[in-house]
Number of protein chains: 2
Amino acid sequence: MGKGQVTIRDIALKLNISISTVSRAMRGMADVNPETKKKVLEMASQLNYEPNLIAQSLRINRTNTIGIIVPDVEVHFFSSIVSGIQEVASEVNYNVLFCQSNENYQTELNNLKTLIASRVDGLLISLSRETEDMEHLLRVQRKNIPLVLFDRISDDIDTSKVNVSDMDGAFKAVKYLVDTGCRRIAYLAGPKNLAISNKRMDGYFKALRVCGITPDENLIVHCNSLRDDAGNATDKLLALKEKPDGIFCVNDPVALQAMQVVKQHGFKIPEDISIIGFTDDPVSALVEPALTTVAQPSHEMGKCAAKLLIDQIKGYNGASRTVTLDTKLVLRGTTRALRET
Amino acid sequence: MGKGQVTIRDIALKLNISISTVSRAMRGMADVNPETKKKVLEMASQLNYEPNLIAQSLRINRTNTIGIIVPDVEVHFFSSIVSGIQEVASEVNYNVLFCQSNENYQTELNNLKTLIASRVDGLLISLSRETEDMEHLLRVQRKNIPLVLFDRISDDIDTSKVNVSDMDGAFKAVKYLVDTGCRRIAYLAGPKNLAISNKRMDGYFKALRVCGITPDENLIVHCNSLRDDAGNATDKLLALKEKPDGIFCVNDPVALQAMQVVKQHGFKIPEDISIIGFTDDPVSALVEPALTTVAQPSHEMGKCAAKLLIDQIKGYNGASRTVTLDTKLVLRGTTRALRET
DNA sequence: ATGAAAGCGCTAACAG
DNA sequence: CTGTTAGCGCTTTCAT
């Protein structure tokens, strides 16, 4: 904490005035002689004074700090969200206490504990892959700490949330596959308990239904992880007697791995097998062929979540609300062109 | 801050003992009756007590929090470092206050100000691209706040630092280009004042010298940004009457853009023009051809920087020291194979 | 083994 | 316009 930092007391002593006057002057309150104020400010900068936010927080019962927990910052989608959060937070003079659950429930619990102990004014959380129980979040609410969930949200808790229209995004993707001639469309899903994966599956089914295609259970394969393991899943698909001619993937990393495997097996993308991802990682535009994907406005999601939270902290809109941002199907090289009609 | 949180006073009242006893029990100090301790702990969990770290920090003059400033978390290299930092910090029960300078000097200054005001126990900083003056960091040192710089470091300040052997990495890369037959090797550099870019240039020159190749000023082109602008720079190179047959790039994003432009111009990679990047972003293994690059142990850098800082905070090794981690040349498809001898 | 009291740096009545 | 005082929740002597 840097020993021997300057305090308002030091300033008061030097100027032979009371600490309350210094405090008032520092905060630019009215009712303080312009002369005095000037002297205080000068002395402060001369002594290299920096206000002690810790002391202030204790006194005013507010830390001007928000806590955030993401599963994994190394994933671009999340770092982009973090960046958006940080942007909004710094605009309104809030600090960001950063934690990472590593997709681990116990770690999420620990993170939450220290964040609460640090008396953050509010929490921004994207649930870990393992998290199923909401008890820890309910406890947060019981302590009256504002909470906003984003991306990895849950229906089992009533709080503000930010997500994208997963179902609609998936629907657009699968519909496009059908429209470009695919008939046996697979879904490379995430873990079975992951809400976003399931919602995207809903969109997948809906598109098939609308297009009059009978779903085939064999064409749905789950990956245990969002980053690895997609290779095996793809292998399974390609081992089918009736192979897929299109693959919709739960996210871009999975799609990228699927692409590799599909190519290794000698299939042409998109002619033999079309592929669509979800997220639009920066990578996706650079691979070859470039990945068609459902783009999520990640930075925007971060900003939106942060705004929601800060509004809540400042006491506006008490009711919790869910903001659903739109996705956009970005057409690239892993899908065929639409036929002219 | 969540009104009405439980305090040790509440526990003391309920148990009809003094708050000091509660405090002692909570911290598991000796000299406290096992019975009493048990009662305190039970009551604490029953009341859902969470220690107030703010109050504790004020009292013990230590926040158990480290501040970190990176130029841009959306860059994988930095998010990976942040992840490493967070990992080490949480192991030793430190919190991480996260800031982003957006490559902007003024923002870096503001970040520093709030971090100091928040009384972080130490600082982990990677300088913004614009930062040339070290006065703000010297001020940090005058306040006795431990400071460790990483990646974007400066020679103008005496403090602990973590970096990679930029010069050696560049040397290995350029030497490899020569060894595989390149003779007109270009350097796609970063901004002129960026230390890492210049150190990599030193390695570039050294390799040419060792290999007996005369440097050509025209083959060195600077990009203003580390993310955009590399396209134009590459255009310049390809407009030369004597075109390069190899391009060493200051980092992977630049290399990726260079690849695109080179391909657009109809050149074959690596046959006509070989390319090597620096960093080894996850993307680089996925593009086609996959990018040969100088890998930096980013996660390791974060862990190393955090350890250095925490050691310093805890009062070990007062002397500042620089840890230089090794890079590794990862051979992929944008370079030719070595000829058998 | 426990309690009483002081104080970390600051803000916020209250009084003048 | 300014000073005095109390107190945020906690740790830490100093007594007992």
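**Exercise 1. The surface near DNA strand C**

Task: In this predicted model, find how many residues surround DNA strand C, which of them are the closest, and which elements supply them.

Solution: Begin with the count, which shows that 24 residues surround DNA strand C, the closest being A:Thr7, A:Ser20, A:Ala55, B:Ser18 and B:Asn33. Next, assign the residues to elements: α1 (8-15), α2 and α4 of chain A, together with α2 and α4 of chain B, each give two or more residues to this surface. Among these elements, α4(A) gives the most, with 5 residues. Finally, sort the residues by class, and the surface near DNA strand C is found to have 9 nonpolar, 10 polar and 5 charged residues.

**Exercise 2. The surface near DNA strand D**

Task: Describe the surroundings of DNA strand D by stating how many residues there are and which are the closest.

Solution: The count here is 26 residues, and the closest to DNA strand D are A:Asn33, B:Thr7, B:Ser20, B:Asn52 and B:Ala55. The elements that each supply at least two residues of this surface are α2 (19-26) and α4 (53-60) of chain A, together with α1 (8-15), α2 (19-26) and α4 (53-60) of chain B. Sorted by class, the surface near DNA strand D has 10 nonpolar, 10 polar and 6 charged residues.

**Exercise 3. Two helices of chain B**

Task: Determine how the axes of α2(B) and α3(B) are placed, and decide whether the two helices are roughly parallel or roughly perpendicular.

Solution: First take the axes, for those of α2(B) and helix α3 (residues 34-46) of chain B come within 9 Å and cross at roughly 85°. Since angles from 65 to 115 degrees count as roughly perpendicular, α2(B) is therefore roughly perpendicular to α3(B). Then name the residues in contact, which are B:Thr21, B:Val22, B:Ala25 and B:Met26 of α2(B), and B:Thr36, B:Lys37, B:Val40, B:Leu41 and B:Ala44 of α3(B). By class, this contact has 6 nonpolar, 2 polar and 1 charged residues. As a last step, look at the loop between α2 and α3 of chain B, where B:Gly28 lies. B:Gly28 counts as exposed because it has 9 C-beta neighbours inside 10 Å, and its C-alpha is 9.7 Å from that of B:Leu41, although the two are 13 residues apart in sequence.

**Exercise 4. Chain A against chain B**

Task: State how many residues each chain brings to the contact, and which element of chain A has the largest share of its side.

Solution: Chain A brings 44 residues and chain B brings 44 residues. On the side of chain A, two or more residues come from each of α4, α5, β2 (95-100) and α6 (105-117). The largest share, 6 residues, comes from α5(A). The residues on this side divide into 18 nonpolar, 17 polar and 9 charged.

**Exercise 5. Helices of chain A**

Task: For α5, α8 and α12 of chain A, compare the span with the expected one, and say what is known of burial.

Solution: Helix α5 (residues 76-91) has 16 residues and reaches 23 Å between its end C-alpha atoms, close to the expected 22 Å. Because 13 of its 16 residues are buried, α5(A) is largely enclosed by the rest of the structure. In helix α8 (residues 166-179), the 14 residues should span 20 Å, and the end C-alpha atoms are indeed 20 Å apart; its buried residues include A:Phe171, A:Val174 and A:Leu177. Helix α12 (residues 298-313), with 16 residues, reaches 23 Å where 22 Å is expected. Among the buried residues of α12(A) are A:Met301, A:Cys304 and A:Leu308, and the elements covering its buried residues include α5, β1 (65-70) and β11 (322-325) of chain A.

**Exercise 6. Unusual backbone angles**

Task: Decide whether A:Asn16 and A:Asn102, which have a positive phi, are buried or exposed.

Solution: Start from the general expectation that most residues other than glycine have a negative phi, and that most peptide bonds are trans. A:Asn16, in the loop between α1 and α2 of chain A, has a phi of about 60°, and is exposed because 6 other C-beta atoms lie within 10 Å. A:Asn102, in the loop between β2 and α6 of chain A, has a phi near 55°, but is buried, with 21 such neighbours within 10 Å. To finish with a peptide bond, the one from A:Glu288 to A:Pro289 is cis, with omega near -5°, and A:Pro289 lies in the loop between β9 (274-279) and β10 (292-295) of chain A.

Key:
Residues numbered from 1 in each chain as written. Chains lettered and ligands numbered in written order. Predicted model: local features only at pLDDT ≥ 70, side-chain atom pairs only at ≥ 80, totals over all residues. Helix = DSSP H or I, 4+ residues; strand = E, 2+ residues; numbered from the N terminus. Expected span 1.5 Å × (residues − 1). Buried ≥ 20, exposed ≤ 12 C-beta atoms within 10 Å, placed from the backbone. Near = placed C-beta within 6 Å. Nonpolar A, V, L, I, M, F, W, Y, C, P; charged D, E, K, R; others polar. Contact = placed C-beta atoms within 7 Å. Axes fitted to C-alpha atoms, helices over the stretch in contact; angles between N-to-C directions. Parallel < 35°, antiparallel > 145°, perpendicular 65-115°, else oblique.
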